[in-house]
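Biologist: I'd love to walk through this protein with you, one step at a time. Could you show it to me?

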Amino acid sequence: MIAIAVLGHGTVGSGVLEVFNKNHASIIEKAGEEMEIKYILDRREFPDLPYHDKFVKDFEVILNDPDVRVVVEVMGGLDPAFDFVLRSLKAGKNVVTSNKELVAVHGAELLAAAHETNVNFLFEASVGGGIPILRPLSQCLSANRIVEIAGILNGTTNFILTKMFREGVAFEDALALAQKLGYAERNPAADVEGDDACRKVCILASLAYGRHVYPQNVHTEGITHISAEDVHYAEAWGGVIKLIGRVKKLDDGRLFAMVSPAFISRESQLATVDDVFNGIMVRGDAIGDVVFYGRGAGKLPTASAVVADVIDAVKHLAARKYIDWEPAKDGYVCDYLEVPASMFVRVTARSRTEALRSVRGLLGNVTELVCPGVENEAAFITPMLPEGEIVRALQALRALDYPILSTIRVLDY
Ligand SMILES: NC(=O)c1ccc[n+]([C@@H]2O[C@H](COP(=O)([O-])OP(=O)(O)OC[C@H]3O[C@@H](n4cnc5c(N)ncnc54)[C@H](OP(=O)(O)O)[C@@H]3O)[C@@H](O)[C@H]2O)c1
């Protein structure tokens, strides 16, 4: 009998118990081993649950029980999750987690610890919730050179942007609705500032290219500044605005990684990924584009990925599943200002013609955008230029008394 301990009985943890109990017979059959959830660690008491006797408050009980072969970390955050996970791995226990922050910040170190004690450290649920993406990326697509990955990786922000587009709702109202429906936390900063998507980009990039990409090296912008006018211009241009996380290997071996809102054409495969859904496009040199689509969060979809990892860990107790990446040296992720970008820009201007004359003097052949009903401003899309050059030109434009109202990258997916 393999004993499992679940750390955290919140949204995902309670879902893990539900899926494990509901599909127990088939899960055991697939794992090929008898399994039981022996302990659940949480701060709170749950006296009314049928499995209330499994709750413990002291992690040492779990760590010191040799029957526990798999620890499921679904508490979230870094402290104490990192300490508990590292000590579990060092004690020779397999670990499954849905904690993207933990993997994005400490993945290389935890994988090395798993390597040392020959145990599995699996985290399929940390990107895309229930959508299978990490396994396909590391196994099914392993014959490819991964050219690029781009995705809508955060359901909360996608829900907000979808509401802004479909119903003309302002950002604040769409956020309030997302909170009311339980899609956004009371403190939504990690979602709306792009940090959650950034952590997922780090995990995808580390897995696809073999070296750890740390969150502080990924330029990250959220959606808090997206206005109704930006939405109107995107529609007039023939597209939508999505929060896109992306990573690409450059010819010199460095990576480019970024999270930012972006104009994408209505024809793009990612443009129709709406509401709380996630969509992740992987571009391989042999397979071309593959898109993974589904619910990127939620109790049961996420628990489904966590329990699948538990099954996989139990099936590979003797021969560890081979997922690894190495720490990266400084400079592995390039400065985004070096990389060519095309930018949608709005500036305040009494005369649109004069403003665009100045803009063309600084940025060359820009494409003007006109939005019915919007006055006292000029809007345009820059040609592809190293982003640093665009930034310098916009500084010069500011100095000519054309205040910048917004800048949003234009992507070609
Ligand atoms: N929710 C999703 O749809 C989803 C999807 C994909 C990935 N994830 C990731 O999965 C993880 C868990 O998310 P969640 O939504 O399930 O969070 P949650 O609902 O807040 O659950 C976390 C649980 O762990 C408990 N806990 C936290 N620290 C603890 C500690 N030191 N000792 C004992 N118990 C502790 C919490 O207790 P208190 O309530 O008392 O703090 C809570 O019951 C996070 O890393 C999240 O990013 C979540």
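Modeller: Here are a few questions and answers about one strand and the domains around it, all based on a predicted model.

Biologist: Is strand E10 largely enclosed or open, and how many of its residues are buried?

Modeller: Strand E10 covers residues 255–265. To count as buried, a residue must have under 20% relative accessible area. The strand is largely enclosed by the rest of the structure because the buried residues number ten of the eleven.

Biologist: Which strand pairs with E10 in the antiparallel sense?

Modeller: Let's go through the partners. Strand E8 pairs with E10 in the parallel sense over two bridges, and E18 also runs parallel to E10, joined by two bridges. The antiparallel pairing has eleven bridges, with Leu243 as the bridge partner of Pro261 in E10. That partner is strand E9.

Biologist: What area is buried between domain 2 and domain 3?

Modeller: Domain 2 spans 134–296 and domain 3 spans 339–411. Their contact takes 21 residues from domain 2 and 17 from domain 3. Carbon and sulfur atoms give 69% of the buried area, which is about 1600 Å².

Biologist: Which residue forms a salt bridge with Asp230?

Modeller: There are two salt bridges between domain 2 and domain 3. In the one with Asp230, the closest N and O atoms are 2.8 Å apart, and the partner is Arg346.

Biologist: Which element gives the most to the side of domain 2 that touches domain 3?

Modeller: Helix H11, E9 and E10 each supply at least two residues there. The top contributor gives seven residues, and that is E10.

Conventions: Residues are numbered from 1 along each chain as its sequence is written. This is a predicted model: local features need pLDDT of at least 70, side-chain atom pairs count only at pLDDT 80 or more; totals for chains, interfaces and linings use all residues. Side-chain values use heavy atoms; hydrogens and water are left out. Buried means under 20% relative accessible area, exposed over 50%, partly exposed in between (1.4 Å probe, protein chains only). Helices (H or I, at least four residues) and strands (E, at least two) are DSSP runs, numbered from the N terminus. Two strands pair if DSSP finds at least two bridges between them. Domain bounds come from an automatic or database domain assignment. Contact means heavy atoms within 4.5 Å. Buried area is the accessible area (1.4 Å probe) that two parts lose on being put together, summed over both. A salt bridge is a side-chain nitrogen of Lys or Arg within 4 Å of a carboxyl oxygen of Asp or Glu.
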